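Here is a short tour for a reader who has not met this structure before. Keep the sequence and the 3D view open while reading.

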Amino acid sequence: MAEPSEGSGQAGESTRGLMTLCGLAIVAGIAIGFIGGAFRWCLREADEWRVEMLRWAHELPGPGWLIPVAITATGAALAALIVRQIPLAAGSGIQHVEAVSRGEAGPPPLRVLPAKFIGGLLSIGSGMILGREGPTVHMGATIGAEAGRRAHLDDDDMRLMQTSVAGAGLAVAFNAPVGGALFVFEEVTKTFRLRTVIPTLLAVAVGVGCSRIIVGDRPDFLVGPVDSPSIVLLPVFVVFGLLTGLLGIFYNRVILGLLDLVGRVQRVPAFVKAAAIGAVIGALLAIDPLTAGGGDTLAQKLIGGGTIALPVIAGYLAVRMIAGPLSYASATPGGLFAPLLAVGALWGVLFVGIAEVFVPGVDSTLTIGMALVGMAAFFGAVVRAPITGVVIVIEMTATTSVTVPMIAATAAAVLVAQLAGEPPIYDSLRERMLAAQKPKP
């Protein structure tokens, strides 16, 4: 009887290893599905509570506007105190996921999970201009890493597991399973290896399925019928994309500049700085609730057919271009993606309002379509993951009629940012994180 060859033995071990990864991905996917779904449900309840609180505060005699200022400042301060105990809970967490995937950092410990959950509720729920996707991605990565530790995986497979379940976290955050998977392949690993693809797809499918039990199965944004723009107008979308690339470069520099500015204030405790930033955001909430918060309500108003005067659109855009990065500079748990989508939608609507004065064929019928295109193009310019951006917007809106101009504009935006030599935002944030962790001489 012929003995099994060495190659067949290696193939068997590889198959068993893949099956182990798949089994762990399913279990971890269930966990991030329910935990991420609960996180989204809590944030939704916090949004509704905040609307009622603002209405009540405005009806009070005297300086009722101080109430949202105090609440947002307190939420940011408490979140910063959590970060002081668990520094990995700061900010988005996506840069840490990428560093782990590259072997530049160790997998997150389990204590990051409750820190991100509670800290994210405090900071995002209080009205800070931060996204829910950062915490869910990092919570997913933490669950994946813990599953790998309990299964005694080697370092490579543990990194793979934390990365795969991180993608499920993004998918749960936006109810966008394909976008969550593409994020892993295009942004984090930059590869389509089968050993990564299959566990990621399983974690994403199971995670989104479980989250829908809690938050429901419908697109994040409700968009009516949108006509496909004429192919004659495709150059307009390309020009829009080129300008969006410049806007994305500016936004990245604002984020890094404000991080540097806040970081230079070393004599003030981090929780005091977070409280001060929270007070500023709370004041914006008191003036107009659409100027602050994650941005979902504003984006829904824009792409759902709501009407906002063009000067007000320009004001919202200017405020969010600064206040969003300022919120991120507080170092409280929260991501960048959701605020990016709101800025992109605002920029798209503003562009149409200006272009219809100068460009024949451009009119208000393009407003919703350009807002959708702006969401994907601005995401692509900042994050430098164009396919992920396009797919996430399509999944979040269940709208495909502007896919062609969306692809063209996003490609143009990414091209401008790339030719300008501007690094993707998460590359910059990862380098900052690793530099801060090096021991000082």
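Aspartate 427 is buried, because its relative accessible area of 19% falls under the 20% cut-off. The model shown here is a predicted one. Aspartate 427 sits in helix H17. Setting aside residues within four places in sequence, aspartate 427 is in contact with Glu98 and Arg102. Isoleucine 214 is 213 residues from aspartate 427 along the chain, and their C-alpha atoms are 34 Å apart.

**The two largest pockets**

H17 also matters for the next topic, as the largest share of the lining of the largest pocket, six residues, comes from H17. Other helices take part as well. H2 (66–85), H3 (94–101), H9 (234–264), H10 (270–287), H12 and H17 (425–437) each give at least two residues to this lining.

What lines the second largest pocket? Helix H1 (6–59) and H11 each supply at least two residues. The largest share there, 10 residues, is from H1.

The table sets out both pockets.

| Pocket | Volume | Lining residues | Closest to the centre | Lining by class |
|---|---|---|---|---|
| Largest pocket | about 1200 Å³ | 38 residues | Val83, Pro87, Ala90, Ala331, Ala436 | 22 nonpolar, 10 polar, six charged residues |
| Second largest pocket | about 970 Å³ | 35 residues | Leu43, Arg44, Asp47, Asp296, Thr297 | 15 nonpolar, nine polar, 11 charged residues |

**Helix H11**

H11 spans residues 296–303. Its buried residues are Leu298, Ala299, Leu302 and Ile303. Viewed down the axis of H11, these buried residues fall within an arc of 115°, so they line one face of the helix. Which helices help to cover them? The cover includes H12 (310–329), H13 (337–358), H14 (367–383) and H15 (386–397). Glycine 305 follows H11, and its phi is positive, near 100°.

**The nonpolar core**

In soluble globular proteins, nonpolar side chains tend to be buried together. Here the largest nonpolar core has 121 residues. Phe174, Phe337, Val383, Met406 and Ile425 have the most contacts inside this core. H13 gives the largest share of the core, 13 residues.

Take isoleucine 425 as a case. Which residues does isoleucine 425 contact, leaving aside neighbours within four places in sequence? They are Asn252, Ile255, Leu256, Leu336, Val382 and Val383.

Valine 390 is another residue to find in the view. Valine 390 has its place in helix H15. Its relative accessibility is 8%, and valine 390 counts as buried. Not counting residues up to four places away in sequence, valine 390 touches Ala376, Met406, Ile407 and Thr410. From valine 390 to aspartate 217 is 173 residues in sequence and 20 Å in space, C-alpha to C-alpha.

**A contact across the chain**

Now turn to alanine 279, in helix H10. Is alanine 279 buried, partly exposed or exposed? With a relative accessible area of 23%, alanine 279 is partly exposed. Alanine 279 and threonine 72 are 207 residues apart along the chain, yet 6.1 Å separates their C-alpha atoms. Beyond its neighbours within four places in sequence, alanine 279 is in contact with Val69 and Ala73.

**Two loop residues with positive phi**

Asparagine 175 has a phi near 50°, a positive value in a residue other than glycine. Asparagine 175 lies in the loop between helix H6 (155–174) and helix H7 (177–188). Its relative accessible area is 8%, and asparagine 175 is buried.

Alanine 398 also has a phi near 50°, again positive in a residue other than glycine. Where is alanine 398 placed? The loop between H15 and helix H16 (403–419) holds alanine 398. At 56% relative accessibility, alanine 398 counts as exposed.

Asparagine 175 is thus a buried loop residue, whereas alanine 398 is an exposed one.

Conventions
Residues numbered from 1 in each chain as written. Predicted model: local features only at pLDDT ≥ 70, side-chain atom pairs only at ≥ 80, totals over all residues. Heavy atoms only, no water. Buried < 20%, exposed > 50% of the residue type's maximum accessible area, 1.4 Å probe, protein only. Helix = DSSP H or I, 4+ residues; strand = E, 2+ residues; numbered from the N terminus. Arc of directions from axis to C-beta. Contact = heavy atoms within 4.5 Å. Core = buried A, V, L, I, M, F, W, Y, C linked by side-chain atoms within 4.5 Å. 1 Å grid on protein atoms, 1.4 Å probe; cavity = no way out; pocket = protein on both sides within 12 Å on 5 of 7 lines; lining within 4 Å. Points joined across faces, edges and corners; volume = space filled by probe spheres on them. Nonpolar A, V, L, I, M, F, W, Y, C, P; charged D, E, K, R; others polar.
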